[in-house]
Amino acid sequence: MTAPTAAAGPPDLAPGAGPAELLDHAEQLLELHDAQDRPEEAGVSWRSSRDALLRADGLLVGQGGAVDPAELARCRFLLGLTLSVGYWQAVGGNADAYEVHDPPQTRETAIPLLAEARATLHPDDPEYATACVRVGLLLHSRYEDARAAEDDAATEPSPPADRVTGPDASDLVEALAAFDDGVPRLDEEPHPGLIVAYGCALADRYDLDADPEDMRRARAALESVLDGLRPVGWVPAEDGAGSWADEADDLETEARVRLIRLLDPAADTADGASAVAHLELLAATLPHEHHARIFAAAHLVDVYRERGDGRVSPADRPAYLASLRDLSRLVDPQSPYRAQATAMLGAALAERDESAGPGSLPTPENEQAVGLLREALDDLAEDDGLRPTSHALLGCLLNSLREHHPARYDNDEALHHLERAVELIPADDPMRSDLLNQLAHARIVRSDQGHVDLEGVDRTIALLNESMRVPSQTPGFGSQSHGAYAAALSQRHALSHSSDDLDEAIRHLTAAYRQTAVDDVNRIVYLQNLSISLYQRYQEGGDLQDLQTAARYIQEVNAVVAGGDRAGFADLHLVGQDLPYLEHGLVQMQFMLASASRSRSGMAAAVEAMRRLQTSVPEDDPGRLELDADLGLMLLLYSFFGGTPRDRVDGLALMAESVEAMPGQHPQRPRLLLRTSAALLMTSFAPYNKRGVEAAEKLVRETLAAVEPDSPEGLRATTLHAVLCHARFAHGRAPADADRAVELARAARERIADRPPSPLATLLAQVLSDVLRARSGPGDDEAARRTGVAGLREAATVVLLQASAEPALQMARTASERALTIARWCLADGDLPGAVEALELGRGQVLHASTTTSDVPACCGRRAGRIWPRSGRAAAGHRRRTTWGACWPGPARCWAPSTRGPSCRSRTTCGSGRSPRSPSRG
């Protein structure tokens, strides 16, 4: 295939050619230029034409007064026309081919030449119309460049003082005058590009004077171009389709952009709707890298937000996200707008897609939002208005995502961003309360991970107090605040051991449960946390009703998680993923209730349930060791109430194996050590087993080394150590053992002297009085009597504080047996008043418990069918205490109760200084 023949050029000029020959030669070169396709060849023709015209102009000027005015006007017209061609080619991307290195200067040279031609040419001359439209195009181009420079300068933080900005309105006036004069005189159909420029100039003048006639004429001109390029009914073949490489496509884009600016897409009018339609058409058809996509995307982002009063509707969300992605992708990385667009995209992706219906975090969009917000915060200026909200969004999003993927998302990062947001957001900002709530949540999580101290917990509570001064109107704010209060107070209770902290935590959990929607997973979480807090209060206060209520609540949680109603809750899998441990906790509570009521069948059923649960959990599961240990404990205790000696052996073996296998840093190891040491001691009394007692003491010492002395675990371990020393003294009669037992019991009683009466205090009084009586040294008998009577007074207080009749009567009968022992001591020592007081204390407790007429909370619970945290008893302010040691005679009295409670690890943990987790923020 042969190459196309190049257009023939004009003949070479003869040496010494005059102005007329030069002008004719230049015109021929311009015609050749128009016929050439390759920019390099066209540039050669253009430069030759320009040089010929410059030579002709020089010759004509040299003629002075003898010059022919018509010939000079023709020369000036052709030179201005040629320079204008070079200017438009240069700004169109062919500056190198035409060797136009300073396009604005070329334009400045061409404008006066064309203006002179317009002033000297006759209006009927065809070249007159061309000169008019050419000078109008150049003047309007200069006006638009000046206006663009002004817009750019407005975005610079400190523009140079000597920069001259601002368009010259006279350029626009003269351009329109030239268009008005020249366009009607053209002898052929105007080029669409000319009509676009004419319409843009009219629109610019409308921006200045708001003359409706200018708007009408501008709109008519621009729409006429669009109707000619894209007939009525034309639509793109598909999104992103269409060829935009030719001149017509560029003209269409320019016309639509100016028409959009003229009609104002933000206006709630028919013109505004038309502008939006043009924007959406641009967004659907422009190629992905076209610069006009930035214009369309920026306007559409505002349109979609204003259309939904600040919130993008589900119908607009896909287009809104696409527009933000265009901005984040196309805006210059060095521009501050790039970081802002990225921040807005991250914020949009962080929001829940309402059109998708109820669902759970995280979505791929949420995870993408994390990366975008991190990127934006790295690039945003410190004083950028989007920085506070970006910190807030990222912190809240990390809070939620961490609930689902704790290994992938760092709580410390969430804490950092929330702290920065609280620093930057004004005190009167309506979202500040929500942020304080989120920050408190992150701090609670950090404390739950082991970074806990009383001062830090008090700072968290102070944050919650501040957030509640001006409560947020965000749905769920109140319930989440109560839940956060409860979690912080539980952590405080683990440090302060104050009954008030635990009672307040229960009160807040009850309020959180009541205020949470029935289909919110947090409702289940609050009920679960409430169950564990009630169990903790039972451990410390001994009110059997707390244990009964805790068991009912955890049974409700299990029924929802394991039942068929899971579809009604979003994010229920966060609780359901630990269903075996919820069942573990329930079985433990059922066993404790059965043992408290001496129900052999109930204990046997709980043991079998725990066996089935143990079998269902793989041996390599992290929670299997706790299951094994608790099954061993249950077997051991059951062996005293109807089980077999084999159960006792198997129970001890399971507990010992679990202690040996559990890592030294495991958070539940102190609990297991304490239980195993108590089990060893229980089985080493009758007959006395020296090796068993030594093994128990070793475990007790390890427990004391791992816990704080004033903690519940530390006090129970100290009590158990005193019991152990007493047992060893009873067997070997070594005075050192009795002295050590007295020292331990007295030290423990001193540490709880300022606390309310409790079963632990009663047990310590019993241990101390028994050891003193057995040692029988100088003053020991009197001290034993005084301590025994003091223990009976404490026991009477505990009985009086019981909420239900059955446990109160059971505790009173146990105390009455102890009262008889103390009375015998008093009579033997001749202390008649002491004997009378001891008997009266025991008898009074039995009378009080026996004459209780009704158990109102229990009756209400039976009538309701199932108990939810609606009654005031769940948040009672009194401490009601007992221990397992008071529930069994004989060797069981040395039993140290659990320091952790049921292994309910699904979204909540307790014991070992840990508090119930805060609810999901999804």
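In the predicted model, a nonpolar patch lies on the surface, where Leu 827, Leu 832 and Val 836 together present about 290 Å² of accessible area. One of these residues, Val 836, is placed in helix H35, which covers residues 832-850. Because its relative accessible area is 44%, Val 836 is classed as partly exposed, a term that applies to values between the 20% limit for buried residues and the 50% limit for exposed ones.

A contrasting environment is found for Thr 703, a residue of helix H29 (residues 690-706). The relative accessibility of Thr 703 is 1%, and it therefore counts as buried, since buried means under 20% relative accessible area. When neighbours within four places in sequence are left aside, the residues in contact with Thr 703 are Pro 670, Leu 673, Leu 674 and Ala 717.

Helix H16 comprises the 14 residues 411-424, and at 1.5 Å a residue it should span 20 Å; the C-alpha atoms at its ends are 20 Å apart, so the expected and modelled values agree. At the start of this helix, a side-chain oxygen of Asp 410 comes to within 3.1 Å of the backbone nitrogen of Asp 412. The buried residues of H16 are Asn 411, Glu 413, Ala 414, Leu 415, His 417, Leu 418, Arg 420, Ala 421 and Val 422. The cover over these buried residues includes helix H14 (364-379), helix H15 (386-404) and helix H17 (432-448). In an α-helix there are 3.6 residues a turn, so residues three or four places apart point the same way.

Conventions
Residues numbered from 1 in each chain as written. Predicted model: local features only at pLDDT ≥ 70, side-chain atom pairs only at ≥ 80, totals over all residues. Heavy atoms only, no water. Patch = residues over 30% accessible without salt bridge, like charges linked within 9 Å, V, L, I, M, F, W, Y side chains within 5 Å. Areas by Shrake-Rupley, 256 points an atom, 1.4 Å probe, with all protein chains shown as cover. Salt bridge = Lys/Arg side-chain N within 4 Å of Asp/Glu carboxyl O. Helix = DSSP H or I, 4+ residues; strand = E, 2+ residues; numbered from the N terminus. Buried < 20%, exposed > 50% of the residue type's maximum accessible area, 1.4 Å probe, protein only. Expected span 1.5 Å × (residues − 1). Contact = heavy atoms within 4.5 Å. Polar contact = N/O pair within 3.5 Å; in protein donor to acceptor, adjacent residues only side chain to side chain.
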